[in-house]
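This report examines a protein model chain by chain, and then turns to the contacts between and within the chains.

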Amino acid sequence: MAGALTMKKLLLVSSLAALGFLLASSLSENVFVSWKGYQKEYARLLAQRARTPAEKKEALAMPVELRQVVVPDLGVVDRCVTCHLGMEDPRMAGTANPFAPHPGDILKAHPPEKFGCTICHRGMGAAVSFREAKAVEAHWDYPLLPKDLVESSCGICHDPAAVESRGASVLSRGARLFEEMGCHGCHRLGGLGGSLGAELDSVGRKTKHQLVMANLPGEKTAYRWLDLHFKDPQGIVPNSLMMPGYPTDDDAYALTVYMLSLQAGRELPDRLVARDRHRFLSREHDFGERDGKTLYDRLCRVCHGDGTFGVFDRFLGRFVPAIRNPAFLRTTDREFLRANIVGGRPGTLMAGFEGGMNDADLGKLLDYIAGPGNVPERRVETAAKLPPGNPEQGKRIFLEQCAGCHDPAKGQVAPTLSSRPLQEKGSDAMILKTIANGRPGTAMVAFTGPGGAGLDGGEVADLLSYLRTLSARRK
Amino acid sequence: MEAWKEYVAGVKAVPRSVWDSLVRHGAPVTDRSRMEAVFQNLFLHIHPTRVHRWSLRWSSTLGLGLICAASFVLLVATGVLLMFYYKPSTLLAYQSIQDIHFVVPSGRFIRNIHRWGAHLMVIAVIFHMARVFYTSSYKTPREMNWVFGLVLLVLTLGLSFSGYLLPWDQLAYWATTIGANIAQSPKELTDAAGVTRYFDPGGVQKTLLLGSRSVGEEALIRFYVLHVMVLPLLMLLFLGLHFWRIRKDGGLSRPEDADERLGPAGEEVLPVFTQAPKKSYGLMAVVRGTSPSVGRGPENTVPAWPHLMTAEAAVFMLTLSVTVALSWFFDAPLKEMANPLIPENPAKAPWYFLGLQEIVSFSAFAGGVLLPMITLLGLGLIPYLDREPGGVGHWLGKGERPKRVFLESAAFGLGAVIGIEAFAVRVGWLRNWVPEIPQIVITFLNPGTLLTFLYVAFSVHIIRRENSTRMGGIAIFTCFLAGFLVLTLIGTYFRGPNWGFYWSPSDWPVH
């Protein structure tokens, strides 16, 4: 048996160890906590600045206790004021953090007892130490925003343009850049835009777990991700389709601030949402005139450029159709264009722009694309009657003549001929004219007639009959 | 006047007489009065008055059972403290844990003790079971106490798992979601039979557990009530039975030749009968059969007070000191608040279920129901299938043979589980070769069932070769431990997103 003495020694040693840890933890958690030190330091500073003995006495008698801001309708319990004690005390001007008063006069319009701290600054409001409140390398969805990103939070309750002169100039610049750079071309925001990229209505609420963090150097936070992703999309998300390399550092910063402000999915008490934001929402995120050119610049230009010439896009690895090419406009009609804009070209990078545009907008956009020439609503087919074609023959011709650019199996660089808008709304006449005359200004050359590739009428009929077999619906 | 004097004397004597009526023995200063105290006191009576010197040897029990009980006491104490602040509601639970963590006086430390104590208890319970098995302590008359021990194992796991949900963080939410899906796994069988519409025990189980289709408010309340009320009460009940049985079964098991091996008692062991026995032993008439004490004097026993109690106090304080040390150095995890929209990948159950989750990755029914049932049934039947007498109280029994069988079984158990897992990871399993294979085939033919089959076959082989059920028992139990260990390690350290195999989390793919 274990000697009674050994047992007693074990009892003694383990009791002492347990006692030691219990004592140490009760001291470290309850007595030597950092916030108590800050409160004592604050009382000392306050006493130094006292103008009357009574003030001094009051300062020194300040109780050392936990302080918190509770805003029930926001679900907020912010203990930041436990250490940031001088937030609303002008006497503390000139002191270092955490005692300095809040910069600017923003607290006048946003009293902490009604807003709390974390609605603007983020971070873990429940924590009472700086490291944990900052919550960067912590299990917390919304870490403290660096100072220069805090103005993003104005956009939660305000129209960015309305607060431009009131401290949120970067935010409103970011909002303008977003419109001007044509981001809507791929990203839907406020109902307007394509669906090739992510929808951005609530991108500001995304947590680090919803973003690909593997290639992000350094601290893994959503705001760093946004900033670096703007500068190098493919470096952060390999194979991203996002257009690389166009924002400068300043632009990326402004865009990041704007992205962080996008929190449409967040439920806010009505009392917080500013009137300018209600007006803004009713205008559907539109900054300028809603004319055809503006719409074209925002939605189409990012891929189609000016649209008059067919340009090979190295990034997308293909020709982007020249939608304002005169030869194209001479063969097409508004119904076809509208079908392409609204429905997109499934199977290609062209996404549909169903949302965000009403009929009037669409009409203006079509007017702009049509330009000065006349593009009728529906082009009457005037082409001569062709003999019925043989699809088998047509397939052979297609493989010889067209597949080099149009075959999806061979690294296609030209428009997809099987897509629904073309098959359903593109008339035979348009297809025939395009084959016959080509599209000057693009890579599409003429295939018949003098100087053409030498297809005769019968062969063109075969080709057309083959192309019509590509219809997605018939498959 | 006499009455008045008596009355005054009575008043003066009140403290004394109340004390005497409360404690009906003298001051516990002699062995005899201490034994009397143990005998007379409801709480101390959980001890025998005297305990055999063999039971106090380090190597007899390693104190494992006591560690389990000590952690349970710690968990109850810290759990009650946590209940004062915890709010079982999906809106408030996470915030209340944050409050406990940040502002409740010593709340962080108390929660840490509760968390690490729970893990410690699970580990101690498993080790305790292994100790009882390898010292043959489940043999007659202790069969039923082994079964009670298994019930306690299940209750321990249940308590730990039900507590897992309460912080309402991402870890809790997704681990519980996995647990609930495992509860639903009989659906795999009923689906295969095409009768789920009429007979859906899996769905019923999941609904019973969650009170809803997914983890939410109802599930949280259910887990809370189970965790703070139902399971602890059951635990107390079975702990009582477990301890009571130890007493009734003649104390802790010890070898038949314990007395000879201990040698003559040292000077600290005083003779038992320093005074003439005052009690009759009339009750002996109702005691059936032979008890382990029959035909033997109490010569090699020592009074439980102080010897056993010192040992108990030492083990308790040791458990406490280890737990508080862990709690000082490591904070209990608290991940982001539960968010049903952001699934954890990989979502992992608590560590002690990761061996099962490894099998669940092939078949939920096999890993979630079939194998645990087979394991529990097999463990429960051990004392009834191995009825060979002898070897009790020896680690692995006497002679070289059990040690050889143990090593052989450990090698086979480890080899089989590593081999099968390596095969499944490297080469793949049925689904990789025949994508359209019906799930029911995998339900019954997967690494888990194959492993079980191999283990059972191996132990049958050992029974026949060694002509001994005890050797077969050693084989199957050792194999089971090896399998549990390896599968748990793989599930814990080598499984990443989508349950893929990775040597290290740094190899996890970009999602």
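What percentage of the 511 residues in chain B do buried residues make up? In this predicted model, the buried share of chain B is 42%. For chain A, buried residues make up 33% of its 475 residues.

**The two chains**

The table sets out the values for each chain.

| Chain | Helices and strands | C-alpha extent along the principal axes | Contacts (separation of 6 or more) made by residues 24 or more positions apart |
|---|---|---|---|
| Chain A | 22 helices, four strands | about 105 × 75 × 35 Å | 63% |
| Chain B | 21 helices, two strands | roughly 95 × 60 × 45 Å | 76% |

Chain A contains 22 helices and four strands. Its radius of gyration is 33 Å, whereas the globule rule gives 23 Å for 475 residues; the value is well over that figure, so chain A is more spread out than a compact globule.

**The interface**

Contacts between the chains involve 31 residues of chain A and 31 residues of chain B. On the chain A side, the residues that touch chain B comprise 18 nonpolar, 10 polar and three charged residues.

**Nonpolar cores**

The largest nonpolar core has 190 residues, and the members that touch the most others are Met121(B), Trp168(B) and Ala172(B). Helix α7 of chain B, residues 107–134, supplies the largest share of this core, with 13 residues. A second core, separate from this one, has 12 residues, among them Ile431(A), Ile435(A), Phe447(A) and Ala461(A).

Which residues does Met121(B) touch, leaving aside those up to four places away in sequence? They are Cys68(B), Ser71(B), Phe72(B), Leu75(B) and Thr156(B).

**A helix pair in chain A**

Two packed helices are described by the angle between their axes and the distance between the axes. In chain A, helix α2 (residues 34–48) and helix α3 (residues 53–60) have axes that come within 8 Å and cross at roughly 180 degrees. Angles over 145 degrees count as roughly antiparallel, and α2(A) and α3(A) are therefore roughly antiparallel to each other.

From α2(A), the contact is made by Ala43(A), Leu46(A) and Ala47(A), and from α3(A) by Lys56(A), Ala59(A) and Leu60(A). By class, the residues of this contact are five nonpolar, no polar and one charged.

Notes. Residues are numbered from 1 along each chain as its sequence is written. Chains are lettered from A and ligands numbered from 1 in the order in which they are written. This is a predicted model: local features need pLDDT of at least 70, side-chain atom pairs count only at pLDDT 80 or more; totals for chains, interfaces and linings use all residues. Two residues are in contact if their C-beta atoms, placed from the backbone, lie within 7 Å. Ala, Val, Leu, Ile, Met, Phe, Trp, Tyr, Cys and Pro count as nonpolar, Asp, Glu, Lys and Arg as charged, and the others, Gly among them, as polar. A nonpolar core is a set of buried Ala, Val, Leu, Ile, Met, Phe, Trp, Tyr and Cys residues joined through C-beta atoms within 7 Å. A residue is buried if 20 or more other C-beta atoms lie within 10 Å of its own, exposed if 12 or fewer, and partly exposed in between; C-beta atoms are placed from the backbone. Axes are lines fitted to C-alpha atoms, for helices over the stretch in contact, and angles run from 0 to 180 degrees between N-to-C directions. Angles under 35 degrees count as roughly parallel, over 145 as roughly antiparallel, 65 to 115 as roughly perpendicular and the rest as oblique. The radius of gyration is taken over C-alpha atoms; the globule rule is 2.2 Å times the number of residues to the power 0.38.
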